[in-house]
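Me: Please take one part of this protein and go through it closely. I am a first-year student. Keep the sentences short and explain each term.

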Amino acid sequence: MNFPYSNKKWMTISLAAVLTTAIGAGTLTASANTSTTEQIKTTAAATTEQTKATTAAGAETTTTATDAKDQTTAGSQTPAANSNTDKTTTASTTTNTNTTTNTTPATTAPVTTTPATTAPSSTAADQLTLEKAIQQALETNATLVTARLDAKNADLNQMLSYKTSAEMPADMIESLSAAKAKYVGNAQLEMTTKLNAMQVTATEGKIKLGAQQAYYNLIFAQDDLELKKQSLTRAQTQLKVAKAAFQVGTKAKTDVLQAEMGVAGAQASLTSAQNAVEVARMDLNDFLGVDLTKSWKVVSSNKQTAPIKMTMQQAEDQALAKRIELTKVQEELKLAELNVKLIEEYSALSSMQGRVARNNVEKSKMAIEEQKRSITKEVSQAYLNLNAAREAIDYQKTAKDSAAESYRLTNLRFENGLATTLEVIQAEEELSNRENQYQKAILQYNLAVVNFETALGS
């Protein structure tokens with residue numbers, strides 16, 4: 001078979017075909033590189049560097065292909081063609097290498113997340129015991145702080161007023177006015193200093209009383225809130241039972257309506273109890289002298305309900321020995337008697353001043369008797385109230401237990417079709433009321449103990 005071309009011409013055509021194939025491969029490779037680069041732009045972090053590498057590879061491929069085309073057109077010699085073929089193959093290999101490198105996702109360094117340290121809330125509720133409430137009140141109650149400052153000022157004023165007269169020698173006293181300036185002034189200074197100290201102590205006692213009352217009021221409000229939550233739960237349970245019975249046809253629609261009214265009433269009572277807790281908390285904070293919005297985690301501390309160990313007479317004797325009110329009038333009697341003595345020594349008791357001074361002595365004695373009678377009455381009432389409060393706890397507990405049993409039995413009768421929803425609601429309301437009365441009895445007993453201790457002068 002005869003070919004139209006010589007062997008040399010045929011060799012040139014073959015080499016051109018090879019170069020054309022290489023050019024096509026380079027073009028496809030460049031296209032692949034361009035596509036791969038666009039994908040990497042959206043998925044890898046090192047987009048810029050990889051794009052530069054791909055562009056460089058594509059440019060090298062294009063240059064090699066152009067050289068091969070020029071040499072093919074000019075009929076280049078076989079060795080030159082072989083050289084360009086090697087370059088093309090090298091460029092293609094380089095491009096493929098770059099493509100493989102670029103299609104490999106960039107390795108992202110693992111990110112270590114350190115848990116954030118949660119700082120304690122500045123509004124976290126502080127724990128509050130009865131002892132802490134008393135201590136806080138003794139430190140920051142405004143009334144007590146004012147009383148302490150007043151006592152200091154009174155002592156300073158007394159010292160400044162009587163210092164010169166008190167230092168006067170006794171042999172230089174020749175008149176009643178001078179004697180009063182020295183002796184009465186000294187006695188007045190001592191009495192005032194003593195009474196100021198006792199007044200601060202008495203104020204501290206009242207502050208302790210007020211702190212305990214505010215503390216127990218908050219406890220009662222919180223306990224009452226829990227009772228109201230229980231009452232709402234019982235009412236909601238009754239509503240579910242009534243609805244279920246109505247759906248199966250064993251109860252009328254009125255039973256459901258009555259149960260809904262019971263839930264509404266329980267919710268209203270719960271809202272009122274929640275408000276009472278907030279009011280009691282603010283009252284406590286106000287008395288303690290702290291931020292009104294401060295929250296407390298109150299630790300309940302009830303007084304012992306054991307019978308009083310002392311008799312009423314012993315309680316009265318203890319109060320008469322410790323109460324500052326009696327001490328005050330007794331000191332005033334001493335001062336009045338000193339005034340009479342000085343008038344008798346430096347003047348005459350028959351004078352106007354003498355008669356007034358003796359009348360003041362009688363008034364002081366009457367004031368002492370009146371104060372004794374007042375203290376005795378107060379202690380006796382506190383003693384009786386404490387006994388009554390202790391017995392009320394036992395009574396209210398019995399009433400509460402009976403109401404709980406009545407509610408249970410009424411529910412059983414309702415389940416067996418022998419009681420109405422209204423009867424169940426009434427039994428639940430009675431139970432809720434008895435629970436509240438029991439908690440109130442405990443509150444009243446705690447306050448009765450505090451009042452009795454205050455009446456004793458403790």
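Reply: Along the sequence, the chain follows the pattern α-α-α-β-α-α-α-α-β-α-α-α-α. That pattern holds 11 helices and two strands. Helices and strands are DSSP runs, numbered from the N terminus: H or I with at least four residues for a helix, E with at least two for a strand. The model is predicted, with local features needing pLDDT of at least 70 and side-chain atom pairs counting only at pLDDT 80 or more, while totals for chains, interfaces and linings use all residues. Residues are numbered from 1 along each chain as its sequence is written, and side-chain values use heavy atoms, leaving out hydrogens and water.

The part to look at is helix α11, residues 421-455. Start with its packing. Helix α10 (residues 352-415) packs against α11 at an angle of about 160 degrees, and their axes are 7 Å apart. An axis is a line fitted to C-alpha atoms, for helices over the stretch in contact, and angles run from 0 to 180 degrees between N-to-C directions. The two helices are therefore roughly antiparallel. The cut-offs are these: under 35 degrees is roughly parallel, over 145 roughly antiparallel, 65 to 115 roughly perpendicular, and the rest oblique. The crossing of α10 and α11 is left-handed. Left-handed means that the near helix is turned anticlockwise from the far one by less than a right angle; clockwise makes it right-handed.

Helix α7 (253-288) also packs against α11. Here the angle is about 20 degrees, and the axes are 9 Å apart. That makes α7 and α11 roughly parallel. Their crossing is right-handed.

Now the charges on α11. Glu 428 of α11 pairs with Arg 234 of helix α6, 194 residues apart along the chain. The pair is a salt bridge, with the closest N and O atoms 2.9 Å apart. A salt bridge needs a side-chain nitrogen of Lys or Arg within 4 Å of a carboxyl oxygen of Asp or Glu. Are these two partners buried or exposed? Glu 428 counts as buried because its relative accessibility is 9%. Arg 234 is also buried, at 14%. Buried means under 20% relative accessible area, exposed over 50%, and partly exposed in between, with a 1.4 Å probe and protein chains only. Glu 435 joins in as well: Arg 234, Glu 428 and Glu 435 are linked in a network of salt bridges.

Other salt bridges help as a comparison. The structure holds 16 of them. One joins Glu 204 to Arg 148, with 3.2 Å between the closest N and O atoms. Glu 204 sits in helix α6 (residues 176-247) and Arg 148 in helix α5 (residues 142-166), 56 residues apart. Glu 204 is partly exposed at 23%. Arg 148 is partly exposed too, at 27%. Another bridge, 2.6 Å from N to O, joins Glu 332 and Lys 328. Both lie in helix α9 (residues 324-346), four residues apart, about one turn of the helix.

Finally, go back to the neighbour α7. This helix contains Ala 280. Ala 280 counts as buried, at 11% relative accessibility. Its C-alpha atom is 5.0 Å from that of Leu 218, though 62 residues separate the two along the chain.
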